[in-house]
Structures are given as C-alpha cells and as structure tokens.
2 protein chains.
Amino acid sequence: MSILVVGSIALDTVETPFGKVEDSPGGSALYFSAAASFFAPVNVVGVVGKDFDFEQIEFLRHRNVDLDGLMIEDGLTFRWGGRYKSDMNRRVTLFTYLNVFEKFSPQIPEHYRDSTYIFLANIDPELQLKVLQTVHNPRLTVLDTMNFWISGKRDALEEVIKRVDVLIVNDEEIRELTGSVRLYSAAAELLTRGPRALVIKKGEHGAILVTKEGYFFSPAFPVENVMDPTGAGDTFAGGFLGYLAAKNSISNGHLKNAVIYGSTVASFVVEDFSFSRLKNITVDDVHRRANMLRAMMAVDVE
Amino acid sequence: MSILVVGSIALDTVETPFGKVEDSPGGSALYFSAAASFFAPVNVVGVVGKDFDFEQIEFLRHRNVDLDGLMIEDGLTFRWGGRYKSDMNRRVTLFTYLNVFEKFSPQIPEHYRDSTYIFLANIDPELQLKVLQTVHNPRLTVLDTMNFWISGKRDALEEVIKRVDVLIVNDEEIRELTGSVRLYSAAAELLTRGPRALVIKKGEHGAILVTKEGYFFSPAFPVENVMDPTGAGDTFAGGFLGYLAAKNSISNGHLKNAVIYGSTVASFVVEDFSFSRLKNITVDDVHRRANMLRAMMAVDVE
C-alpha cells in the first residue's frame, strides 16, 4: 500500500539551546516521508530549487521513497530559519524565504494517483483540493493545516475538511476552526463537518484521537534530551499514516495504534537536528519504543 | 483502613468566568477528605476559627469523616480569595488572610495515630515532620508541598521527603527541587532521595506515576465544563490515597489505578464550585467514570 504526501521541502536553519544547523533538509513533505517510509512506500510531491542537494536526502531513496514527484525549478529552495527558547515549547521564526515554493502547484505523476493513503501537509487549501481531485480512490486521506490558512483561506479549507477522513490539529487550531474554547465539544463539532477522526496533537503531552466511538489518549514518549522539535508534527503524521498503510486498515483499533506510532516516531526525530536521528534508527527501534509506550499506558483493572 | 490528613481548612472566595462564591468551605484538608471519604474513613486534623459553620461540611460526617481533630480557635478561619482567567489555567490570588491558620500546630488525637495511610497536605514542612513523628506505623505516607516551602524551608522539606513514600509534585516544583529542567532525570533523582514513587500532576494533561519500575501515564478525564479548578490537586490526592486505602495495597498495579482514581475524582470537583459536585455524586459515579477513563487508554497490541 503506498502513501502520497504533498507538502513543502525546505532548507532549515535552526538554533536551539543545544546547537545550530544551517540549510539542513526539512519541510513537511520530507519529515513526513522520513517517518512514513519505515512502514510503507512513499510518493513525494514537492518543489525544490536548483540549489537543492539530493545527496542530503539520499537515505530516503533507500527506504522506498519515490522522489519522481519532486519538481526542480529555477531559483532557490524554500528556506526557513527559527530559534527555540530554553523550554523548547516556543519558537521564533527568524526568516521565511518562500523562493520556488511561492508558486508551488503540485503536479501528481500518473503513477502516484493510485496511492491509497494520502497526506495533505500544511499548504494552501486550494492546492490541497486540487490534489484530492487528482487522486483516484484513496482509502484514507489525512489533512494538516495551520492558523494562516484558517484565517486566510477559510472557504477552501472548509471544503477540504469536508472531504478528508482524518484532521490533525492542535488546541489553537481547533479554537480557530470552531470559535469554541471547549476542546471536546469543538472536536465533536468538527466531526460533523466531514472527517471521521480527529487527532489533537498536544506536543509533550501526547495526542488525543477523537472518533464517534469516543476518545483515545496517547501520551508522548518521554524524551529526556529534546534537541530540536522541528518537524515533530509532520513526523507524527508520517508514523501515524505509515502504520495504517502497513496494516492496510483504518479500523478504530488500528487508528489508536497509529497514534502511538505517530508519537513514537516523533519522539525520535526531536532527539537530534534535522533527520540525523531518523537516519540512524531502524523500524525495529520504532517497534521497541512503541511497545514501551504502550506499556506505560497499560493498567490492569483492580 | 483509615486515612489521616493534616492540612488547611479555608473559606474561599473564588471568581471564575462562570460564577463566584464567597466564603465557601475549602482548603487542602477538606478537599482531600471529600475525595478520600468515597473509599475509606478519614481522620482530619486542622484548625478553624469560631466563625466556621460546621453545617457547611455536614456531608463529610455522613461519609465517615472524623472531625475530632479539628481545633476551633479564637479568631477567624483562614480565608483565601482568587480569580481564574478565561483559560482556567492561571489564577490570581486576590487575598490571603491566614488568621487562626497562622499559628496552626497540628495536634493528632490519640485515636488517629494508628491511621494506616497518611496525607501531609501542603503546610510548613516542620509541621509535616512533627506529624510523621507522632503517627505510629503508617503503611503509606504521601506528601504535597509548594514552591513557598521549597525556597523558604528547604532543609525541613528535604527531611520530610526523605521519610515519605510518595511525593506529589508538578513540573515547576520538580524543577525547583532538583534545579533541573529535564523532567524525567529530575524525577529519577528525586526517587533516590527517599520516596518510592513520584506522582507528577499535569492538570488538564493528566498525571505521571514514576517508580523504579518505570512510568505510568494517566490522562485527565476529559471535562468539558470546568467551572472552578480550586482544590483539584488535593482532590486528586484524596482519590489516589482513598483508592489505596480501600484496596489496602501499595502494589505497583494499585498505584497505577490510584492515579486513575485521583484523576477521576478531580474531574468531578472542577465541574462546580467548592464541594457542590462532590456532595452530589456517589462512589458508583466515581467507579463509572474511572472505567471510562481506563477505556480511553486501552489499546490492543496490533
């Protein structure tokens, strides 16, 4: 079962209390791919500039990531710079140069269109809609977005939400989408707009899966040495959708485990800058940590 | 198995976006008792002024709470006033009048000294030490404290920590106690100082039990209508210790369930002001919600 991701590819300059990297590969599509490809083949659609060094993401090819959908345009690759404060929960954006990403218009190669699992990473919802219209008959579509689109392209975003199966959001996005500070009734309301499941990301506090059957709470795996939180959300999405693709199931039980796998892969990526950590672990490392996480939630009745 | 609690008894004036109460019964000892007494008899030690109206806590007597240890002193009862902002996570203290609580020196009645489960609510650590020296042979001692004592009476507090079995703390207190921002290694360090278990309270994000056997994560029960968070921490402690006393067990499995029961009873208390909610539920309501919470953490492997 293959996965399609459409999103950004960036060169990130990141400063944290523990170090700094310059022009390191990043962006939602790559973080997602690095995570999802532990479990299933991934097809990537995105755009880079002529300056992009494919050597830096060579490890992805070895993990069954198809990069045919990467367009190489005249100009420079999207660049983002940010700095994290000591508690790592807040970041300051130092610069954003969209470069070739500014005019990104996803072209889905013919052989990608039968992908069964689709991740619409955080891009313009009009482009997300276009992707949904292009793919043939996906089994599960998952959407990420951000405040910028919620306020700036509300109508298109609502249309995408209507059409996807799973919406991944954080507290703040839920509030902006519904106008309600009551998290759980807001989540219930979002489920009436189309998606069959909501995943509420809470960073170090884990994630909540909300479906019509109820709530499922997953803690975050306890990570002692967070070096760089960049990409954690897209890595979460990659672990989540990768797991479902590997099982080729969208049952409620598998959705719960998918949240655990999302949390697990995200717990690795933050332990180093860029893809350094994800490059050096195997799927067995992921399974081991997922089992540890499940054990930390296990309780016998009485 | 009976429980002893030593702590404050207050008349609280609380304002939240959802209402206001004036001179409502509160304080750590009463919140703890209201919660623990769902499960086991509770002996309370504290002090009130001549103005205290015992009618207001009459419901506690019917739940097997022994109030013989309440001293009635000349003067006024401890009063606290606070206001919660819209997100309910931050509160402003409007006034604190210690009144008779200022000279509180716990006298443990003879028939309380065989209590098997002890909760040292947040009071001067020197008084907490005195309590520990007075009780005979408790099975489990649980300690709560706050920043004020961590910075103000460090030596006495360290001595108490050495002698108790379970330490209940929040993130900030862990940082102050250890000087470390690394939550998990800080928790491990605290376990070397005496306690066999640490409970890290994270409010709406649940609680973590840390023992030498590892971590156990409990989510908070999803409460939609938080009206007043006052007393949630002491109510958590009451549910936690009450459950253990009812089972008369301090096994790791029971400690995990105790965290779930702490979270559960706390989820009720915040749904109304003062004891309004705890007055009107039964232990069966608590069991039902605890079962729901356990179901929200349950996941089948694969």
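## Sheets, helices and a two-fold pair

Reader: What is the strand order of the open sheet of 9 strands in chain A?

Author: Keep in mind that this is a predicted model. The open sheet of 9 strands in chain A has mixed pairing, and its order reads β5-β4-β1-β8-β9-β10-β11-β12-β13.

Reader: Which strands of chain A stand at the edges of that sheet, each with a single partner strand?

Author: Look for strands with one side left without a neighbour in the sheet. As for how the sheet is turned, neighbouring strands sit at 20° against each other on average, direction ignored. A single partner strand each is what you find for β5 (65–73) and β13 (214–218) of chain A, so these two are the edges.

Reader: Do β1 and β8 of chain A pair in the parallel or antiparallel sense, and what stands opposite Val5(A) in β8(A)?

Author: Strand β1 covers residues 3–6 of chain A and strand β8 covers residues 117–120, and 4 bridges pair them in the parallel sense. Within β8(A), the residue opposite Val5(A) is Phe119(A).

Reader: Which strands are at the edges of the open sheet of 4 strands in chain A?

Author: This sheet is mixed too, in the order β3-β2-β6-β7. Its edge strands have a single partner strand each, so one side of each lacks a neighbour in the sheet; they are β3 (19–26) and β7 (91–97) of chain A. The twist from one strand to the next averages 15°. To name the edges once more: β3 and β7.

Reader: How many bridges join β6 to β7 in chain A?

Author: Strand β6 spans residues 78–84 of chain A, and β6(A) and β7(A) run antiparallel. One spot to look at is Gly81(A), which stands opposite Phe95(A) in β7(A). The count of bridges joining β6(A) to β7(A) is 6.

Reader: Over in chain B, at what angle do helices α9 and α11 pack?

Author: Helix α9 takes in residues 252–269 of chain B and α11 takes in residues 283–295, with their axes 9 Å apart. The crossing of α9(B) and α11(B) is right-handed. The packing angle is about 120°.

Reader: Which residues of α11(B) make the contact with α9(B)?

Author: From α9(B) come Ile260(B), Tyr261(B), Ser263(B), Thr264(B), Val265(B) and Ser267(B). Across both helices, the contact residues divide into 6 nonpolar, 3 polar and 2 charged. The α11(B) side is Val286(B), Arg289(B), Ala290(B), Leu293(B) and Arg294(B).

Reader: What turn lays chain B on chain A, and what kind of axis is that?

Author: The superposition has an RMSD of 0.0 Å, with a turn of 180° and a shift of 0.0 Å along the axis. That is why the relation is called a two-fold axis. The same surface serves both copies, since the share of chain B contact residues that recur in chain A is 100%. So, the turn is 180° and the axis is two-fold.

Reader: Which elements of chain B give two or more residues to the side that touches chain A?

Author: The contact pairs 23 residues of chain B with 23 residues of chain A. On the chain B side they divide into 11 nonpolar, 5 polar and 7 charged. The elements giving two or more residues there are α7 (183–191), β13 (214–218) and α9 of chain B.

Reader: What is the mean pLDDT of chain A?

Author: For the whole model, the scores are ipTM 0.92 and pTM 0.94. In chain A, 100% of residues reach a pLDDT of 70 or more, and the mean is 96.

Key: Residues numbered from 1 in each chain as written. Chains lettered and ligands numbered in written order. Predicted model: local features only at pLDDT ≥ 70, side-chain atom pairs only at ≥ 80, totals over all residues. Axes fitted to C-alpha atoms, helices over the stretch in contact; angles between N-to-C directions. Left-handed = near helix turned anticlockwise from the far one by under 90°. Contact = placed C-beta atoms within 7 Å. Nonpolar A, V, L, I, M, F, W, Y, C, P; charged D, E, K, R; others polar. Least-squares fit on C-alpha atoms with pLDDT ≥ 70 in both. Pairing = 2+ DSSP bridges. pLDDT = per-residue confidence, 0-100.
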